[in-house]
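Visitor: I am new to this structure. Could you show it to me and explain the terms as we go?

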Amino acid sequence: MSKTLVVYFSRTGNTKEVAETIHEEVGRDGTIAPIDKTGPVELYDLMFVGFPVHSHSVPFPVETFIKSLPKGKPIALFSTHGAFSHHPIAREALEYAAVLAGHCRLLGTFHCRGRLSLQAMETLAKSPEHREWAEMAPSAASHPDSHDLAEAALFARHMKARSAEKSPAGRD
Ligand SMILES: Cc1cc2nc3c(=O)[nH]c(=O)nc-3n(C[C@H](O)[C@H](O)[C@H](O)COP(=O)(O)O)c2cc1C
């Protein structure tokens, strides 16, 4: 049976919630772990790696982790963010993560909005460089919601099916 690891980095729980939904969907052959407690990853046939968007980008521990993955490892990336889902911020951090994962076999990506803590909102209000997405942040308060989690579950199922497909010759 193929083995799946769901890895997440999460400061305030949003990305963890999405990771847990993915883990539930993956079923019995899945393991879930925070990014600093994964152990050896060679054992796994599929890895989900999730992170919150921080300052428009990928948090440093996640960058380091993705770069350290073995060549050809089948992975699926997911993120949560305060900005609107259609905003370039939401897409760009995942695109950067995909570049970092250039040596892996990237099967797909998923993202949804995630509420900001009160503390983060207060910090944002004081930082002019964050004004653009800070204006969008309050409407993320209800996320991730049941719709986001249902989509995350569907994503998990698709990624699992895709990981079972034979990879194109020369890609791994
Ligand atoms: C320090 C910090 C920086 C953030 N920067 C961004 C950002 O640039 N763009 C964005 O859309 N959301 C940003 N957010 C919002 C988080 O990405 C969002 O709330 C996320 O769901 C938090 O996930 P977590 O609960 O797993 O930590 C930031 C949050 C924090 C705390």
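**Helices, strands and a ligand**

Guide: The chain has six helices and five strands. Helices (H or I, at least four residues) and strands (E, at least two) are DSSP runs, numbered from the N terminus. This is a predicted model, where local features need pLDDT of at least 70, side-chain atom pairs count only at pLDDT 80 or more, and totals for chains, interfaces and linings use all residues. Residues are numbered from 1 along each chain as its sequence is written.

Visitor: Why is the chain called as compact as a globular protein of that length?

Guide: The globule rule (2.2 Å times the number of residues to the power 0.38) is set against the radius of gyration, taken over C-alpha atoms. The rule gives 16 Å for 172 residues and the chain's radius of gyration is 16 Å, so the chain is as compact as a globular protein of that length.

Visitor: What makes a residue count as near the ligand?

Guide: Its C-beta atom, placed from the backbone, lies within 6 Å of the molecule. Of the 22 residues around the ligand, Ser10, Asn14, Thr15, Pro52 and Gly114 come nearest. H1 gives the largest share of this shell, three residues.

Visitor: Why is H1 called oblique to H6?

Guide: H1 (residues 14-26) and H6 (residues 146-164) pack at about 50 degrees, their axes 8 Å apart. Axes are lines fitted to C-alpha atoms, for helices over the stretch in contact, and angles run from 0 to 180 degrees between N-to-C directions. Under 35 degrees is roughly parallel, over 145 roughly antiparallel, 65 to 115 roughly perpendicular and the rest oblique. That angle therefore makes H1 oblique to H6.
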